[in-house]
Protein chains: 2
Amino acid sequence: MERIIYATSKYRIGKNMSLPDLLEHMKKSAALGQVSGIISWDQETMMPEKGAAQRAEQTGVLAALLHQMNTDKRIPEWIEAINEDALCDEDKANIREAKRSYDLATKVPEELAQTIAKASAEGQMIWAKAREAGDFEMFAPALEKLVELKREEAQCLSSDGQSPYDALLDQFEPGARTETLLPLLEGMREPLVALRERISRHPKPNGFEGTYPTKNQLQLAHDVAKQMGYDFSAGRIDLSTHPFSSGGSGDSRITTRVDEADPLNCLYSTAHEVGHSLYGQGAPDPYLPAAQYCSMGVHESQSRFWENQIARSRPFAEWLYPQMKAQFPDMNINSPDEFYKAVNRVETGYIRTEADEVHYNLHVLLRFELERELVSGNLQVSDLEGEWNKRFMEYFGLEVRDVKLGVLQDVHWSVGLFGYFPTYSLGNIYSACLDEAMRQDMPDRDDKIAKGETGEVLKWLRKNIHQKGRLLSATELIEQASGKPASSAPLINYLEDKYSTLYNL
Amino acid sequence: MERIIYATSKYRIGKNMSLPDLLEHMKKSAALGQVSGIISWDQETMMPEKGAAQRAEQTGVLAALLHQMNTDKRIPEWIEAINEDALCDEDKANIREAKRSYDLATKVPEELAQTIAKASAEGQMIWAKAREAGDFEMFAPALEKLVELKREEAQCLSSDGQSPYDALLDQFEPGARTETLLPLLEGMREPLVALRERISRHPKPNGFEGTYPTKNQLQLAHDVAKQMGYDFSAGRIDLSTHPFSSGGSGDSRITTRVDEADPLNCLYSTAHEVGHSLYGQGAPDPYLPAAQYCSMGVHESQSRFWENQIARSRPFAEWLYPQMKAQFPDMNINSPDEFYKAVNRVETGYIRTEADEVHYNLHVLLRFELERELVSGNLQVSDLEGEWNKRFMEYFGLEVRDVKLGVLQDVHWSVGLFGYFPTYSLGNIYSACLDEAMRQDMPDRDDKIAKGETGEVLKWLRKNIHQKGRLLSATELIEQASGKPASSAPLINYLEDKYSTLYNL
């Protein structure tokens, strides 16, 4: 997207003289955001223990400076002075995103923003203690305060009659509305519950047993990332408590984690984060707003696509199984077929992050409905634990006896993230839409994947998703890439097919 | 130095209300400086290759923001409003340093500062190419431009009738003047040349032969750092092309390098950087200006002290030799005594950074005189190569046949660092002053060092140097710590003693 500069330069006469200034400012703010990203990557991977207090100070200074740049009063003046009609699509999108980020940064009064930041930091600490103690009551007052503050924030952010919840959702999934998400997400509940029940009547395949040395797990993670097209000269893999990806373009890093009793943890964390980072490495420009990722849902579609549609597929097992066997000669799984079954075991459990593909979205649906009710005021924090447990029994058939496995399992609400959960399911839905379309474009995909050849898959995603940046909205982007509006049908079909074969349903 | 806040709070009435604001601003600027340090550490150790272009952009934005903070117009207003008489010594020093850094940041017009920054970046690139090509002429125009710009800069910085060279020197060694440095440094020439000549008539001890695996070298580096009291929970060791230390207080990192044919490279680079980092870890406060390192010369005294007076000493060889032998069982050096001789081989060579303790300061003296003449205009850049070679023959008895081993060996001048070289020799002089005083305070030091017990050494440095921060000038600090004014006599005595024994002079 370097070409934007040239494409628009011919229009840089009269009114549009302010465009270069605006773009230069956005570039600097993006570069400072990248600094912030490296500093927080460092904190999770490299920082010595005693650096924590200084790091908090450093992060605070960076955040304040970034806020200062993003609320620069020249931004609306520059935008005002631009004649948008004379712009190419890329610059129209740049202006739209500049407006959007300025609005997000300025609509919430600074005092409220600071109160929320403080309540989030405290919330996370209290949540961690409450979780440790297994005591929801301990966390409830902090959560109540956060819900109230986020409602206030939502009112500041709301435009065009948006509901408070939608105003929060919009931060992560621009343009998304509850009324359009509801049929998309809720429509999955019935078929997923039915599928889960059919599967539960069948015996489970073998799982992994034994010990898997860290060194070999990391070598495998490296090999898998390489095979997927991750560019190590524009990234690196390190260890952290919770895997994440960060950065973009020439510096897109990922982390993973290792559990010596479970080789799938490292393997699929890596595949997931590589999916995110390939999106980052494929961005058309490191700084321009229109060149960044489209939405959190689309970002998640990339990680889930590589994790599930590729790395948990039957053809990929053909390539992956011998790699596993080479690293772990004593492994108790003895064929690509057994491997495929083992990495797709379905088991009803309490924890979202450990859920298989069949259960995952049911976990998200529970959170989506509860957080909507919390924000709207239909549900009180004091009733949250009871409601969680009641609905968990209803949807999963399991009684929650330990709140650590229940409402206290996720960090999100404790740091004020309301409206974030649905983007996880959107990611799954979008990844299945893209998968369906890609299969039509590449009839021999399975043969290639079985040989570990993922180059054309990446090329397809580069062309249809990565290179598009933020030019289109998420729904437009997915519709354009897959040839029809996003729906949950491709995901349900994919899961039905996959698990019917796997479990002989 | 946290106590500064309390010590002064009782004075925070009337005029001194601006002190907390000033200190808070200085703290934020220090925190942003730390961010900058981590980002450049990352660049040298972790950054993937393709991150370079984005890194340049990020560094530029950070530098501009830091400059903005350091030139904030409120700084002189705050200072002006403070009644210094009512302050404790620490806060007097904080104010003095706040003034100093404001002056350094504002006295040079922004346009000139930017021109110098650009000329330095270009200078380094051209220097690298010229060095590669072995062609001084290629570098000369860039150097000429830099000398001219630095003269201009010196004029802006100069106060109280300082010469241009002294104005540059003052940036690195506050308060230092050529007229006081000259006798200190030049006084070493004659005894060092005499010592070198006496040694040269004796046969050289054995050096290291064979191969030393990276893994074992790094393990040894780790063990030596630990033994010296380096706190790994407030730091870490990584690899980089050129070893360096960075950060301070709770996050003081070092890097080292490995040459598998020469175990001393990694070993003594590590000891050197650990010396720097122990100073950083011992700072009384992470942010306050009066709590930072005193001067570059004092900083270098800490690295050289641990590298030479400790790690190259006979008693330390008692502890270090068995550690070496454990890592490298096939090593050709077979006793602590042989080890001590091998790590203190004296050999006349071309390269400053590879020089032994006898030759090192002679290399610095050459640069000190040449750069003074360049800045004063007594020497033209066009004559520099010839002068270098002529004087090198005079002082070292060697003909420079390759400019890479001559005037093009150091990066300093190419990035506009004039007035920096003498701080290396000051470091050596100061380290010997401290050594002499410490020996008097700790008569059993050798016995302890022989057992690897360095705790009391560090304690002495913490008390007499590290905890003093920037309260005193470098000369005051060294005088207070060693009980008499700094002179080169302790260094010359130390070298005479050491090498007389080593070479049976």
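**Strand β3 and a helix pair in chain B**

Strand β3 (residues 251-256) of chain B is mostly covered, with 6 of its 6 residues buried. The model is predicted.

Me: What makes a residue of β3(B) count as buried?
Reply: A residue is buried if 20 or more other C-beta atoms lie within 10 Å of its own. In β3(B), 6 of 6 residues are buried.

Me: How do you know that both faces of β3(B) are covered?
Reply: Take the two sides in turn. B:Asp251, B:Arg253 and B:Thr255 on one side are buried. B:Ser252, B:Ile254 and B:Thr256 on the other are buried too.

Me: What makes β1(B) and β2(B) partners of β3(B)?
Reply: Two strands pair if there are at least two bridges between them. Strand β1 (residues 237-239) has 3 bridges to β3(B), and the two run parallel. B:Ile237 stands opposite B:Ile254 there. Strand β2 (residues 245-248) has 4 bridges to β3(B) and runs antiparallel to it. B:Ser246 has B:Arg253 as its bridge partner. With 2 residues between them, β2(B) and β3(B) form a hairpin.

Me: Why is α18(B) called roughly perpendicular to α22(B)?
Reply: Their axes cross at roughly 75 degrees. Angles of 65 to 115 degrees count as roughly perpendicular, so the label fits α18(B) and α22(B). The axes come within 7 Å.

Me: Which residues of α22(B) make the contact with α18(B)?
Reply: They are B:Pro490, B:Leu491 and B:Tyr494. On α18(B), the residues include B:Ile429 and B:Ala432. By class, the contact has 6 nonpolar, 1 polar and 2 charged residues.

Methods. Residues are numbered from 1 along each chain as its sequence is written. Chains are lettered from A and ligands numbered from 1 in the order in which they are written. This is a predicted model: local features need pLDDT of at least 70, side-chain atom pairs count only at pLDDT 80 or more; totals for chains, interfaces and linings use all residues. Axes are lines fitted to C-alpha atoms, for helices over the stretch in contact, and angles run from 0 to 180 degrees between N-to-C directions. Angles under 35 degrees count as roughly parallel, over 145 as roughly antiparallel, 65 to 115 as roughly perpendicular and the rest as oblique. Two residues are in contact if their C-beta atoms, placed from the backbone, lie within 7 Å. Ala, Val, Leu, Ile, Met, Phe, Trp, Tyr, Cys and Pro count as nonpolar, Asp, Glu, Lys and Arg as charged, and the others, Gly among them, as polar. A residue is buried if 20 or more other C-beta atoms lie within 10 Å of its own, exposed if 12 or fewer, and partly exposed in between; C-beta atoms are placed from the backbone.
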